[in-house]
Amino acid sequence: MNKLSFAGAAGVLLLSVSAAAAHVTLATPEATLGGSYKAVLQVGHGCAGSPTVKVRVQIPEGVVNVKPQPKPGWTVETVKGAYAKSYDLWGAKVSEGVKEIVWSGGSLPDDFYDEFAFRTYLTADLPAGPLYFPVVQECEKGSERWIEIPAPGKSDDDYESPAPAVILKPKG
Amino acid sequence: MSLRGILMCLALIILAAPMAPRGAMAHAALVASEPAAGSVLAAAPDQVELVFSEPVAPLVFRLLGPDGEAAELAGAGVDGARLTLPLPPELPQGTQVLSWRVVSEDGHPIGGTLVFSIGAPSAAADGLAVQDRAPGVAVLLWLARGGLYAGLFIGIGGVFFLSWSSRRALPSGSLRRVLTITLAAGAVAAAIGLGAQGLDALDKPLSALASPTVWMAGLSTSFGRTAILAMLASVLALAALRAGDLRVRRALAALALLGPGLALAATGHASAASPQWLMRPLVFLHATAIALWAGALLPLALALRDGGGRGALARFSIAAPVVFGVLLLSGCVIAVVQLGSVPALWQTEYGLVLLAKLVAVAAICLFALYNRRALTKPLLRGDDGAARRLVRSIVAEIILVFVVFGLAAAWRFTPPPRALVAAVVPIELHLHGARAMAEVVVTPRAGAASLEIEPLDGEGVPFKPLAVEAQLAPADGRIEPIRVVAEPVADGRWRAELPGLAGGGRWTLRVDLLVSDFEKAMLEGDLTLSTP
């Protein structure tokens with residue numbers, strides 16, 4: 001790529017709301033409350049060039065019925081626990097479930113892109129607005145924590161490593 | 001606030017620099033640089049090379065020199081992940097801070113700072129202070145100090161020696177004239193010192209000397225006490241010179257002798273050092289010993305020249321070793337406290353002045369030994385040739401004493417190495433968040449600052465986070481945030497060294513407490529750092 005067009009592209013990208021390719025992000029940026037949501041974590045790079053060997057995501061309170069999609073070459077594990085309260089899932093009550101998903105055993109070179117998917121149900125108890133799924137990316141050398149949740153009045157762009165987020169819309 | 005240039009000043013320590021680009025590793029990360037972060041170069045480089053983990057495009061580059069001036073740099077060239085930035089020619093000696101900002105191919109801008117030094121790292125505060133002072137004011141400050149020392153030590157010390165070494169009243173003559181002039185000169189020097197101190201405190205040129213606020217400012221500094229004590233002691237000594245009654249004369253002279261010690265203990269670097277209970281008495285002892293010893297030289301020389309002074313000389317040679325011992329011992333302890341380390345003796349300006357002073361003192365010692373061993377005994381036996389040689393030798397000693405005074409006065413301009421690492425004024429901050437809080441103490445120093453962080457949970461109870469990081473960014477965004485990782489120390493506190501904030505101005509401090517693997521409390525607060 002020649003320098004000029006690169007700089008131009010960079011300028012355009014700077015103007016766009018978020019530099020999506022840079023962080024670990026969710027592929028589907030919006031979802032509706034009280035419905036299913038397929039969360040797809042997009043991992044575009046390792047840690048300063050080092051290949052990714054483990055991805056951990058924390059399931060926020062109010063997100064239930066979590067089922068990770070098995071991934072060839074990776075071992076998937078879940079950490080289960082009790083929720084802060086019980087939630088309504090298609091008419092049934094659930095009070096415990098997956099709190100964390102861990103993909104490990106694989107190796108994703110810095111030059112490659114991959115996705116880590118899981119299905120969730122977003123309970124109607126959740127507030128509308130951004131919902132954050134903090135992610136810890138561990139690499140052969142070092143790690144990256146995508147866990148920064150913007151303070152009120154700030155946006156993802158104000159942070160170096162914001163947590164992946166989905167904007168929740170009320171059912172309507 | 002003062003000049004923007006001063007606000008811009010940043011002289012950074014080397015330690016934190018390699019950590020600076022840390023938080024930005026997600027996108028493009030700085031992998032290497034030439035010159036390397038924190039390196040000290042013999043000669044100014046003509047370019048900086050930054051190597052990133054992936055291709056980048058240049059955005060903004062600013063270079064902050066040791067004088068605190070920020071210059072925008074243009075002309076960065078990129079070859080993939082390798083960025084070359086030409087530097088201005090003839091960069092000055094000292095610490096250079098390159099603030100860089102680039103955009104990586106994914107469109108995310110990242111920034112950081114690269115610190116390197118040419119020749120030697122600069123200590124921001126004293127460099128700035130010296131540079132900002134008008135040259136005339138510096139000369140005046142130096143002359144006032146030197147004159148003050150002469151008045152206090154030669155004048156008051158001389159009167160004391162005269163009053164206590166002999167029972168006879170002082171004959172009016174050359175000695176009385178010389179002592180009167182010395183005392184008057186010392187008092188005038190103290191007064192001029194007030195004005196010079198005021199000029200220095202207010203950063204005014206010599207022409208402002210007529211302004212009363214300058215003198216009030218001088219009086220309000222610690223030198224104000226020194227000047228008043230010195231003038232009082234000079235008046236007492238002048239009175240002693242004229243007192244007819246032996247007991248009155250000796251009482252006045254003894255009272256005046258308190259002057260040099262008290263005046264010097266009231267001001268100066270050494271008196272300001274801790275432990276105060278040790279340093280101030282030591283300075284007092286040191287100054288009093290100088291007055292006792294140096295004060296004796298002039299009366300002795302004049303008396304011996306006129307064929308007298310045998311009794312005084314005999315008494316002086318008994319007391320001199322004790323006085324000299326106190327002088328050397330107190331001086332050594334003060335020097336050790338002030339220097340802090342042995343290499344500071346030749347690596348700092350303060351140390352170099354001390355070295356020069358030690359050389360002069362050693363020369364004085366040689367003269368004193370020669371006088372004592374080779375001349376005093378023959379003279380007391382009645383050898384007139386020895387008397388002439390002793391007078392010449394004492395005159396040489398007096399000249400050396402003045403050299404020592406001049407060197408000691410030069411310390412006014414060189415902060416002791418101790419001060420370069422010692423705290424100035426700690427700033428205490430309480431950072432508040434929903435899930436966690438932190439008590440933070442920022443201690444700015446010349447060329448650096450240290451952070452002490454006590455993490456507290458939402459209830460205000462101390463807890464131990466998995467990690468603590470801090471970043472400091474100037475509020476006006478003139479340079480990129482400086483990021484550091486804190487290390488746990490005792491009492492649940494975390495410490496980090498931050499690159500120098502000597503430039504002052506408004507800064508935003510962010511403390512990140514890693515509460516759990518997935519939760520980071522990010523606490524922010526503003527602080528204002530005063531200019532040095």
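The following paragraphs describe the fold of two chains, the packing of selected helices and the surroundings of individual residues in a predicted model. Local features are reported only at pLDDT of at least 70 and side-chain atom pairs only at pLDDT 80 or more, whereas totals for chains, interfaces and linings use all residues. Residues are numbered from 1 along each chain as its sequence is written, chains are lettered from A and ligands numbered from 1 in the order in which they are written, and side-chain values use heavy atoms, with hydrogens and water left out.

Chain A contains one helix and 12 strands, where helices (H or I, at least four residues) and strands (E, at least two) are DSSP runs numbered from the N terminus. Read from the N terminus, the helix precedes the strands, in the order α-β-β-β-β-β-β-β-β-β-β-β-β. Of the 172 residues in chain A, 46% are buried; buried denotes under 20% relative accessible area, exposed over 50%, and partly exposed the range in between, with a 1.4 Å probe and protein chains only. Contacts are defined by heavy atoms within 4.5 Å, and among those in chain A between residues at least 6 apart in sequence, 69% join residues at least 24 apart. The exposed area of chain A is about 8,500 Å², of which carbon and sulfur atoms supply 56%; accessible areas come from the Shrake-Rupley method with a 1.4 Å probe, and for residues only the protein chains shown count as cover.

Chain B comprises 14 helices and 18 strands, and 52% of its 532 residues count as buried. Among contacts in chain B between residues at least 6 apart in sequence, 67% join residues at least 24 apart. Chain B exposes about 22,600 Å², with carbon and sulfur atoms supplying 65% of that area.

Helix α3 (residues 135-165) of chain B takes part in two helix pairs described here. Its axis and that of helix α13 (residues 384-410) of chain B come within 8 Å and cross at roughly 135 degrees, the axes being lines fitted to C-alpha atoms, for helices over the stretch in contact, and the angles running from 0 to 180 degrees between N-to-C directions. The two helices α3(B) and α13(B) are therefore oblique to each other, given that angles under 35 degrees count as roughly parallel, over 145 as roughly antiparallel, 65 to 115 as roughly perpendicular and the rest as oblique. The residues that form this contact include B:W142, B:Y149 and B:F153 of α3(B), together with B:F402 and B:F405 of α13(B). By class, the contact of α3(B) with α13(B) has 11 nonpolar residues, two polar and one charged, where Ala, Val, Leu, Ile, Met, Phe, Trp, Tyr, Cys and Pro count as nonpolar, Asp, Glu, Lys and Arg as charged, and the others, Gly among them, as polar.

In the second pair, the axes of α3(B) and helix α9 (residues 276-305) of chain B come within 6 Å and cross at roughly 70 degrees, which makes α3(B) roughly perpendicular to α9(B). Among the residues in contact are B:F153, B:F160 and B:F161 of α3(B) and B:I290, B:L298 and B:P299 of α9(B). The contact of α3(B) with α9(B) consists of 15 nonpolar and three polar residues, with no charged residues.

Several individual positions in chain B were also examined. B:S330 lies in helix α10 (residues 310-339) and is buried at 3% relative accessibility; beyond residues up to four places away in sequence, B:S330 touches B:L282 and B:H286. B:K357, in helix α12 of chain B, is likewise buried, with a relative accessible area of 15%, and, with the same sequence neighbours left out, B:K357 touches B:H286, B:V404, B:L407 and B:W411. In strand β13 (residues 467-474) of chain B, B:Q471 is buried at a relative accessible area of 16%.

Backbone geometry supplies further local features. Most residues other than glycine have a negative phi, and most peptide bonds are trans. A:N65, in strand β5 (residues 63-68) of chain A, has a positive phi of about 55 degrees and is partly exposed at 26% relative accessibility. A:W90, in the loop between β6 (75-89) and β7 (92-108) of chain A, has a positive phi near 45 degrees and is exposed at 60% relative accessibility. In chain B, a cis peptide bond with omega of about 5 degrees joins B:E34 and B:P35, and B:P35 is placed in the loop between β1 (30-34) and β2 (40-41).
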